[in-house]
Amino acid sequence: AAWLLKMQALTEQVYVDDIENDEDGMAEGLLDDSAIASVARPGTSLRVATAGGGSGGLQQAMRPSTQSGRPVTGFVRPGTQGSGAGSLEQALKTPRTASNARPVTSSSGRLVRLGTASMLSSPDGPFINLSRLNFSKYAPKPQMSRALFEYILYHENDVRTALQLAAMATEAHQFQDWWWKLQLARCYYKLGLFRDCEQQLRSAMKQQECLESYLLLGKVYTKLDQPLAAIDNYNQGLTKFPNDRCLLTGLARIQEGLGNLEKAAECYKDVLRYDAMNVEALASIATQYFYNDQPELALKLYRRLLQLGLASAELYTNLALCCFYAQQYDMCLTCFDRAITVAKKEELADVWYNLGHVAL
């Protein structure tokens, strides 16, 4: 019992929500061979930038881009911090000076660093020597095997060993335990075996409708560059779990990636109906209003973010620009003053640029 408790405590220390926290590095972009077609039809690929929005309204080309080449959304999302859907050349061109636009080298490397950092807390070496464990002894015991699996995956970050344990446990439970199939899918996803991951998730969903399965399957289809399949998957999930904000957020991200900005805004509004404090939805809708020449509405939403306690230089700059275009010049300069006060060193240039634009 003490062994089990310590194992779970160490896992909790370094646990990362891998459904959300996911970045594509340069290695993943270079070695990715899962593209279906080199020239995809418009509206069917996230890697082809659609200049015109799919459903009319504001065109994507009218929005400015960040230094890493992604369109301004108002919120830094998982998977958008690196070069994103661009080529390796785009990733190499990305300047390393900006803290939020650094080309991420490899997501697997980052996870390994998380794992090694956790070992610093144990001066006598690792808590469990995995090479000496007899997995066939632990696999049939559900309480022990599940905690051990999570320890290996999150604390030790040994995906292959975790996959071995998951396969033995699935077999020990006569392939009837949906939880182990979900964990097998998670290991396959980390190893880049997306088709095997999809197969395990489909099998798990037949036995148990689980929200995590739909979210992970949506990520798989995004990796495979099949946004329409991802949209179908999220819609199926919403029939089983109506109005779930995680599914609605995933759907909105895909629509925005395809350039359907109006549909994305509708999805974000649905998110706000059920979670009025969702920062991503508030920021994205505010950006949409701002670029649609409705700065007063954008101002209301940015003020809401300020009331939620998000006092950042970016937010104050957005508030200042909204005030400027809404002709509230006194508030505009006050917001810029506050933005300069709280800005970090690498953000100051953008704030001064916008202030110069207002001064002109």
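**Entry 1: aromatic pairs**

I began with the rings, and in this predicted model I found eleven aromatic pairs. The one I looked up in detail was W179 with W180, where the ring centres lie 5.0 Å apart and the planes stand at 85°, so I noted the pair as edge-to-face, the class for planes over 60 degrees apart. I then checked the accessibility of these two residues and noted that W179 is buried and that W180 is buried as well.

I turned next to F324 and Y325, whose ring centres are 5.1 Å apart and whose planes make an angle of 70°, so this pair also went down as edge-to-face. For Y325 I noted a relative accessible area of 43%, which means that the residue counts as partly exposed. I also followed the ring pairs onward from here and found that they join F290, Y291, F324, Y325 and Y329 into a cluster.

**Entry 2: the chain as a whole**

I counted secondary structure and recorded 18 helices and zero strands in the protein chain. Of its 360 residues, 45% are buried. I also looked at the contacts with a separation of 6 or more, and of these 57% are between residues 24 or more positions apart.

**Entry 3: α15 against α16**

Because Y325 had already come up among the ring pairs, with its 43% relative accessible area and partly exposed class, I looked at the helices around that part of the chain. Helix α15, residues 295–307, packs with helix α16, residues 313–325, at an angle of about 150°, and the axes are 9 Å apart. An angle over 145 degrees counts as roughly antiparallel, and I therefore wrote the two helices down as such. Their crossing is left-handed. On the α15 side I listed P295, A298, L299, Y302, R303, L305 and L306 as making the contact, and on the α16 side L315, Y316, N318, L319, C322, C323 and Y325. Sorting the residues of this contact by class gave twelve nonpolar, one polar and one charged.

**Entry 4: α6 and its two partners**

I examined α6 in two packings, and took the one with α7 to begin with. Helix α6 covers residues 142–156 and helix α7 covers residues 159–172, and they pack at an angle of about 160° with their axes 8 Å apart. That angle makes α6 roughly antiparallel to α7. I recorded the crossing of α6 and α7 as left-handed. The residues that make the contact are S145, L148, F149, I152 and L153 from α6, together with V159, T161, A162, L165 and A166 from α7. By class, the contact of α6 with α7 comprises eight nonpolar residues, two polar ones and no charged ones.

I then looked at helix α1, residues 2–14, which packs with α6 at an angle of about 35°, the axes being 9 Å apart. The crossing of α1 and α6 is left-handed. From α1 I listed W3, L4, M7, Q8, L10, T11 and V14 in the contact, and from α6 I listed Q143, M144, A147, L148, E150, Y151, Y154 and H155. I sorted the contact of α1 with α6 into ten nonpolar, four polar and one charged residues.

**Entry 5: positive phi**

I looked up two loop residues for their backbone angles. F175, which lies in the loop between α7 and α8, has a phi near 55°, a positive value in a residue other than glycine. Its relative accessible area is 48%, so I noted F175 as partly exposed.

N243 sits in the loop between α11, residues 227–240, and α12, residues 245–257. I recorded a positive phi of about 65° for N243, although this residue is not a glycine. With 39% relative accessibility, N243 counts as partly exposed.

**Entry 6: A230 and M331**

I located A230 in helix α11, and it is buried, with a relative accessible area of 0%. Leaving aside neighbours within four places in sequence, I found A230 in contact with G218, Y221, T222 and I254. For the last of these I checked the spacing: A230 and I254 are 24 residues apart in sequence, with a C-alpha to C-alpha distance of 7.8 Å.

My final check was M331, which belongs to helix α17, residues 329–342. M331 is partly exposed, at 41% relative accessibility. Between M331 and L321, which are ten residues apart in sequence, I noted a C-alpha to C-alpha distance of 9.9 Å.

Note on methods:
Residues are numbered from 1 along each chain as its sequence is written. This is a predicted model: local features need pLDDT of at least 70, side-chain atom pairs count only at pLDDT 80 or more; totals for chains, interfaces and linings use all residues. Side-chain values use heavy atoms; hydrogens and water are left out. Axes are lines fitted to C-alpha atoms, for helices over the stretch in contact, and angles run from 0 to 180 degrees between N-to-C directions. Helices (H or I, at least four residues) and strands (E, at least two) are DSSP runs, numbered from the N terminus. Angles under 35 degrees count as roughly parallel, over 145 as roughly antiparallel, 65 to 115 as roughly perpendicular and the rest as oblique. A crossing is left-handed if the near helix is turned anticlockwise from the far one by less than a right angle, and right-handed if clockwise. Contact means heavy atoms within 4.5 Å. Ala, Val, Leu, Ile, Met, Phe, Trp, Tyr, Cys and Pro count as nonpolar, Asp, Glu, Lys and Arg as charged, and the others, Gly among them, as polar. Rings of Phe, Tyr and Trp (its six-membered ring) pair if their centres lie within 6.5 Å; planes under 30 degrees apart count as stacked, over 60 as edge-to-face and the rest as tilted. Buried means under 20% relative accessible area, exposed over 50%, partly exposed in between (1.4 Å probe, protein chains only).
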